[in-house]
Amino acid sequence: MSITASITAVGGYLPDYVLTNQELETLVDTSNEWILERTGIKERRILKGEGLGSSYMGVRAVRELLQKRNLDPMEIDLLICCTVTKDMVFPATANIITDEVGAKNAWGFDLEAACSGFLYGLSVGSQFIQTGRYQKVVVVGVDKMSSIIDYQDRNTCIIFGDGAGAVLLEPDTTGHGVLDFVNFADGDGAKHLHMKAGGSRKPASVESVLAREHFVYQEGKAVFKRAIPGMTQAGQELLRRNDLTADDIAWVVPHQANVRIIEGAVQNLGIPMERVMMNIQRYGNTTDGTLPLCLRDYEKQLKRGDKLLLVSFGGGFTWGGAYIKWAYNGA
Ligand code: UT7
């Protein structure tokens with residue numbers, strides 16, 4: 001029997017501070033009603049505290065996962081940190097996380113694919129298991145979006161939040177795990193969603209800071225238009241390639257960017273909302289954190305053999321999906 005990469009544990013971390021729609025009403029010209037109706041978001045979490053970056057949340061997500069699986073961190077072979085908000089430009093946040101959790105035998109790297117980062121990371125990580133090279137790979141999805149959000153810009157500040165999720169991948173020979181994935185990219189999308197300064201093209205300067213160019217720039221409508229077809233394409237492709245119908249899918253796990261995007265995509269896939277994981281109401285869009293945090297929130301309801309369809313769309317543009325046969329009973 002061939003080897004597949006099974007998710008054998010999930011962990012997560014959400015900061016304590018709750019940023020409500022009501023508080024946002026005091027920062028920008030918006031309303032609770034508008035945000036709820038247009039996005040479905042009620043509140044999001046914000047990491048407060050001097051000097052705390054994405055690794056702070058990533059470390060806690062990995063520790064939870066290790067504890068759940070009763071695993072010695074020295075057993076981890078590889079850790080992939082999917083993020084757009086690294087602690088520093090270099091070194092990799094993955095290295096900071098492995099050091100702090102005591103995964104001294106692991107190597108790691110950061111992977112950047114915006115909201116599809118976790119799916120890209122899952123695709124990469126699963127290959128190291130499938131080839132038989134490694135026994136334990138951790139994929140972390142984490143973002144401190146509050147560090148790159150302009151709380152004077154109502155187009156973006158209402159959507160994003162901070163959080164981390166992580167999964168452990170281990171070999172499986174019983175036909176469970178990540179059975180397929182599809183990933184797509186279109187660099188032409190960069191113009192609609194990016195950060196103008198702080199990279200090598202436009203390093204930080206007094207002018208770039210004053211022009212507020214170190215924050216997320218998003219043309220929401222342009223992204224919205226591509227997101228539903230993109231997530232639909234990824235889901236349909238996986239159903240077709242794996243001879244599945246919508247009825248076979250126990251859960252859709254969609255990127256949590258906007259409840260209207262999620263509804264549009266799953267409607268196209270013919271899957272009812274009762275079988276869709278959602279936590280956008282409480283956390284907003286945590287970018288790389290959304291998919292593993294959904295798995296963590298719904299873990300107790302998952303049963304061995306459940307067929308899951310993960311789909312995502314985000315900056316880049318990047319989009320894709322994964323078909324997973326769940327390996328353990330959550331309860
Ligand atoms: O995960 C990463 C990828 N990102 C996404 O997937 C995000 C995709 N885009 C979206 O989710 C939506 O486009 C947004 C939530 C960002 C915006 O919703 P929308 O329904 O597309 O609104 P809009 O940008 O078309 O704006 C409609 C109106 C405008 O007013 P006018 O020009 O019609 O007078 C905006 O100025 O709503 C106004 N508006 C707001 N009003 C109250 C925009 N933001 C706000 C706000 N509060 N926060």
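This report describes the ligand site and the unusual backbone geometry of a predicted model.

## Basis of the model

Local features require pLDDT of at least 70 and side-chain atom pairs count only at pLDDT 80 or more, whereas totals for chains, interfaces and linings use all residues. Residues are numbered from 1 along each chain as its sequence is written, and side-chain values use heavy atoms, with hydrogens and water left out.

## Ligand shell

The ligand is surrounded by 22 residues, of which T30, R38, K221, N258 and N285 come nearest; a residue is near the ligand if one of its heavy atoms lies within 4 Å of it. By class, nine of the shell residues are nonpolar, eight polar and five charged (Ala, Val, Leu, Ile, Met, Phe, Trp, Tyr, Cys and Pro count as nonpolar, Asp, Glu, Lys and Arg as charged, and the others, Gly among them, as polar).

Four helices, α2 (32-39), α6 (154-157), α8 (220-241) and α9 (259-269), each supply at least two shell residues, and α8 gives the largest share, four residues. Helices (H or I, at least four residues) and strands (E, at least two) are DSSP runs, numbered from the N terminus. Domain 1 (4-174) and domain 2 (179-277 + 289-325) each contribute at least three residues to the shell, the bounds coming from an automatic or database domain assignment.

## Polar contacts and cover

Polar contacts are pairs of N or O atoms within 3.5 Å. A polar side-chain atom of T30 is 2.6 Å from a nitrogen atom of the ligand, and one of W34 is 3.4 Å from a ligand nitrogen atom. In the side chain of N285, an N or O atom lies 2.6 Å from an oxygen atom of the ligand. Of the 950 Å² of accessible area that the ligand has on its own, the protein covers 75% (Shrake-Rupley method, 1.4 Å probe).

## Backbone geometry

Most residues other than glycine have a negative phi, and most peptide bonds are trans. The peptide bond from F90 to P91 is cis, with omega near 0°; P91 lies in the loop between β4 (78-82) and α4 (93-101). Another cis peptide bond joins G316 and F317, with omega about -5°, and F317 is in the loop between β12 (307-314) and β13 (318-325).

N70, a residue other than glycine, has a positive phi near 55°. N70 is placed in the loop between α3 (54-69) and β4.

Key:
Polar contact = N/O pair within 3.5 Å; in protein donor to acceptor, adjacent residues only side chain to side chain.
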